[in-house]
Amino acid sequence: MCGITGFYNIEGSLELSIQALDTIKNRGLDGVGICGQEWVQHAADTASLEINGKEQERNILGHCLHSMVSFVQQPIVSRGKLVANCEIYNWKELKEKYGIIAQNDSELLIKLIESRMDERDSKITEENVLEMIDDVLSEVLGVYAFAYWLEDTVYTARDIVGIKPLWYSRSKGFAFSSEKKALVKTGFTDIKELNPREIFAYNIPEDTLNRFNREFFSITPEHSASFEIIRDEALELLEDAVSIRFPQEKFGILFSGGLDSTLIAYLCKKLGKKPGTDFVCYTAGLSGVQLPPDVEYAQKMAEQLGLELKVKSIDLDEVEEYLKTVVPLVEDTNVPKVGVALTMYAACVAAREDGIRVMFSGSGADELFAGYDRHKRSTDISRDCYADILKIYEKNTYRDDVVAMNNNIELRVPYLDKRFVDYGLKVPAEYKINEEQNKLILRKIAEHLGLPEEVTQRRKQAAQYGSRFDKAIGKLSKKAGCKTKTEYLKKFYDQPNLKLGVLFSSGKDSNYAMHIMQEQNYSIECLITIKSQNQDSYMFHTPNIDLARLQAEAMGMPLIEELTMGEKEKELEDMKNAIIRAKDEFDIEGVVTGALYSNYQRERIEKVCDELGLKAFSPLWHIDQEKEMYQLLDIGFEFIFSSVAAYGLNKNWVGKVIGEKDIEKLVKLNEKIGLNVAGEGGEFESFVLDGPMYHKKIEIREMEVIERDEYTAKVVIHDAVLVDKE
């Protein structure tokens with residue numbers, strides 16, 4: 001597709017625009033354009049732009065073009081000015097519906113917005129324009145990120161799922177770009193990703209930024225029809241989502257031989273596209289080892305279904321060369337994220353070499369239909385699928401977009417079609433997952449279409465494992481003498497992924513969540529502790545919470561404390577105030593929680609983070625509870641139970657350091673009476689004495705055990721000190 005940039009109320013905006021466009025030039029190789037308040041220029045590349053006399057401009061829009069439909073240079077100038085990175089699949093229908101003359105989707109977009117203005121008799125205000133843009137976007141089927149400059153205000157928006165990226169900074173004036181790295185290289189800080197559920201309006205003279213909230217999807221009302229009807233309706237929507245994305249040229253499919261990609265390939269063929277002539281499937285894997293599973297399955301499915309397949313095989317040395325590009329490209333050293341990006345990048349390289357400019361992807365199916373292993377442990381599938389779609393822009397879509405666009409390839413994702421997502425989120429949980437299998441509705445669609453059982457029943461294997469590239473990263477890490485894969489990947493991108501604050505309770509879960517994020521190269525800037533006066537708070541841990549200060553000292557970590565009376569919902573405002581303080585004092589970009597299974601906690605924390613423009617991370621979400629307990633011991637955590645409140649437990653459990661034999665007893669209690677091994681049901685609370693990120697350990701000098709009844713007890717720590725670790 002394209003790349004967009006904007007710099008407002010900033011000295012040297014013209015130079016910054018050119019630098020940013022050069023940084024993201026692979027997003028569009030068909031031309032560039034820039035404009036100021038009173039002028040616009042288009043050229044083949046930035047070197048050809050005539051910029052003499054415009055160096056003092058403080059407000060500039062920029063664009064690099066990846067032309068798919070007609071050749072319409074941007075910025076487009078009409079009543080206002082538009083730069084767009086968009087693919088509107090129903091643009092011709094909207095053009096006909098409203099009688100608009102437009103050569104392509106971008107031109108349709110600006111004219112459709114401005115046609116709404118022409119319909120109004122009253123004066124056009126910022127609020128009016130925001131409402132008009134939202135109204136227009138409600139009719140649009142497709143993906144987009146754009147900026148519309150009208151008089152003294154710049155409006156920015158992206159598609160509701162967040163497939164097309166847009167990053168911004170307010171560290172000086174207002175700057176934005178399709179890729180974060182363009183803002184980093186032009187010297188901006190405090191860079192954030194635009195929440196897809198918001199439209200921004202930046203007032204240039206006043207230097208103010210207003211937000212307009214957009215309506216997201218819902219999981220209600222749940223579909224009540226029979227399974228067969230729901231299956232057939234979902235198939236009809238998926239077929240339409242695939243067909244409207246067909247380009248007017250040969251295209252590729254990212255193909256693993258798994259359920260999601262095979263279903264897309266089959267539908268392409270069913271809908272009249274000819275393998276080899278109209279589309280080609282691409283997969284990638286490590287060479288010099290046993291045939292990677294995804295390559296094996298891709299070859300089998302291609303043969304059985306009559307598909308043309310091209311395999312990109314790269315050896316261990318080539319993997320390292322690819323990583324030199326991929327890791328800085330995705331701006332992340334998260335091992336799974338890099339592994340998936342590497343697999344996709346290799347396939348895109350093969351497609352690019354064939355002149356392919358559009359690729360279909362099966363992304364989104366796992367989030368929409370409970371396809372991950374963690375979904376097996378979910379207590380509310382519909383809400384978890386909703387949360388996955390809500391946050392997919394933070395985890396997957398930016399990675400996929402930059403990998404494809406670096407190869408000058410536009411990615412199309414039918415499973416994230418907004419009508420399909422809206423329908424899929426309302427599919428009953430029992431049609432998504434059971435004890436034996438996940439993504440049930442998709443598997444039944446595939447069976448109904450007659451796809452082989454090998455694919456309809458194939459269990460998910462993440463791309464980095466199916467390609468064996470995760471194994472390659474492991475081998476290269478050892479070869480380089482690195483202790484972890486993350487340490488090895490930091491050779492290629494030495495910046496921390498994000499600056500985070502930790503909602504810190506003093507217990508094992510928040511400690512462990514913090515450790516995981518540190519290991520994944522996130523920078524922990526501070527701890528945030530909410531001290532609730534309500535001993536029965538649903539949100540916050542209360543036993544020995546005052547000792548969080550001692551734990552922070554043991555880690556050499558700043559601590560923000562906030563007192564709350566613990567009134568339900570009101571305590572969220574107190575938490576929000578503490579997070580605001582962390583954001584102001586330590587420039588955090590996200591918050592870490594130790595949530596395991598509580599939707600009550602996670603959803604409220606995520607809502608607060610959304611309001612503050614922060615990302616929320618719950619790295620322990622749906623972790624196997626027995627596995628978590630043993631992992632805590634394996635990596636060096638030392639903790640006690642600070643309280644117990646469950647049948648099977650008593651005062652003898654509190655105050656002592658928990659070991660393997662204790663976990664074995666908890667496992668037996670789970671088998672006998674269903675006790676949660678990690679205490680997720682409130683069976684116990686914990687207090688951490690030591691861990692891998694502690695510089696000193698905590699020694700309890702005096703404590704008191706208080707027994708309330710046979711199964712309820714707590715320990716009150718009266719005196720504790722820091723001591724050197726052995």
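**Exercise 1. The surroundings of helix α14**

Which helices are included in what covers the buried residues of α14? Use the predicted model for this and the following exercises.

*Solution.* Begin with the extent of the burial: α14 spans residues 440–449, and seven of its 10 residues are buried. Next, identify these residues: they are Leu 440, Ile 441, Leu 442, Arg 443, Ile 445, Ala 446 and Leu 449. Then turn to their contacts: the cover includes α6 (227–243), α7 (259–270), α11 (365–368) and α15 (453–456). Finally, consider the end of the helix: Gly 450, just after α14, has a positive phi of about 90°.

**Exercise 2. The packing of α12 with α22**

Determine how α12 and α22 are oriented to each other, and classify the residues of their contact.

*Solution.* Two quantities are required, since a pair of packed helices is described by the angle between the axes and the distance between them. For α12 (residues 381–406) and α22 (residues 599–612), the angle is about 25° and the axes are 12 Å apart. Angles under 35 degrees count as roughly parallel, and α12 and α22 are therefore roughly parallel to each other. Their crossing is left-handed. On the α12 side, the contact involves Arg 383, Asp 384, Ala 387, Lys 391 and Tyr 393; on the α22 side, it involves Asn 599, Tyr 600, Arg 602, Glu 603, Glu 606 and Asp 610. By class, the contact of α12 with α22 comprises three nonpolar, one polar and seven charged residues.

**Exercise 3. The packing of α3 with α4**

Repeat the analysis for α3 and α4, giving the angle and the distance between the axes.

*Solution.* Helix α3 (residues 105–118) packs with helix α4 (residues 126–139) at an angle of about 130°, and the axes are 9 Å apart. This value makes α3 oblique to α4. The crossing of the two helices is right-handed. From α3, the contact draws on Leu 109, Leu 112, Ile 113, Arg 116 and Met 117; from α4, it draws on Val 129, Met 132, Ile 133, Asp 135, Val 136, Leu 137 and Glu 139. The contact of α3 with α4 contains nine nonpolar, no polar and three charged residues.

**Exercise 4. Aromatic pairs**

Decide whether the pair of Tyr 144 and Phe 146 is stacked or tilted, and do likewise for Phe 641 and Phe 684.

*Solution.* The structure holds 26 aromatic pairs. In the pair of Tyr 144 and Phe 146, the ring centres are 6.0 Å apart and the planes stand at 45°, so this pair is tilted. Tyr 144 is buried at a relative accessible area of 3%, and Phe 146 is buried at 0%.

For Phe 641 and Phe 684, the centres are 3.9 Å apart and the planes stand at 15°; planes under 30 degrees apart count as stacked, so this pair is stacked. Phe 641 belongs to strand β24 (residues 638–645) and Phe 684 to strand β25 (residues 684–690), so the pair ties together parts that are 43 residues apart in sequence. Both partners are buried, with relative accessible areas of 0% for Phe 641 and 4% for Phe 684.

As a last step, note the cluster linked by ring pairs: Tyr 8, Trp 149, Tyr 168, Phe 174, Phe 176, Phe 200 and Tyr 202.

Note on methods. Residues numbered from 1 in each chain as written. Predicted model: local features only at pLDDT ≥ 70, side-chain atom pairs only at ≥ 80, totals over all residues. Heavy atoms only, no water. Buried < 20%, exposed > 50% of the residue type's maximum accessible area, 1.4 Å probe, protein only. Helix = DSSP H or I, 4+ residues; strand = E, 2+ residues; numbered from the N terminus. Contact = heavy atoms within 4.5 Å. Axes fitted to C-alpha atoms, helices over the stretch in contact; angles between N-to-C directions. Parallel < 35°, antiparallel > 145°, perpendicular 65-115°, else oblique. Left-handed = near helix turned anticlockwise from the far one by under 90°. Nonpolar A, V, L, I, M, F, W, Y, C, P; charged D, E, K, R; others polar. Phe/Tyr/Trp six-rings, centres within 6.5 Å; stacked < 30°, edge-to-face > 60°.
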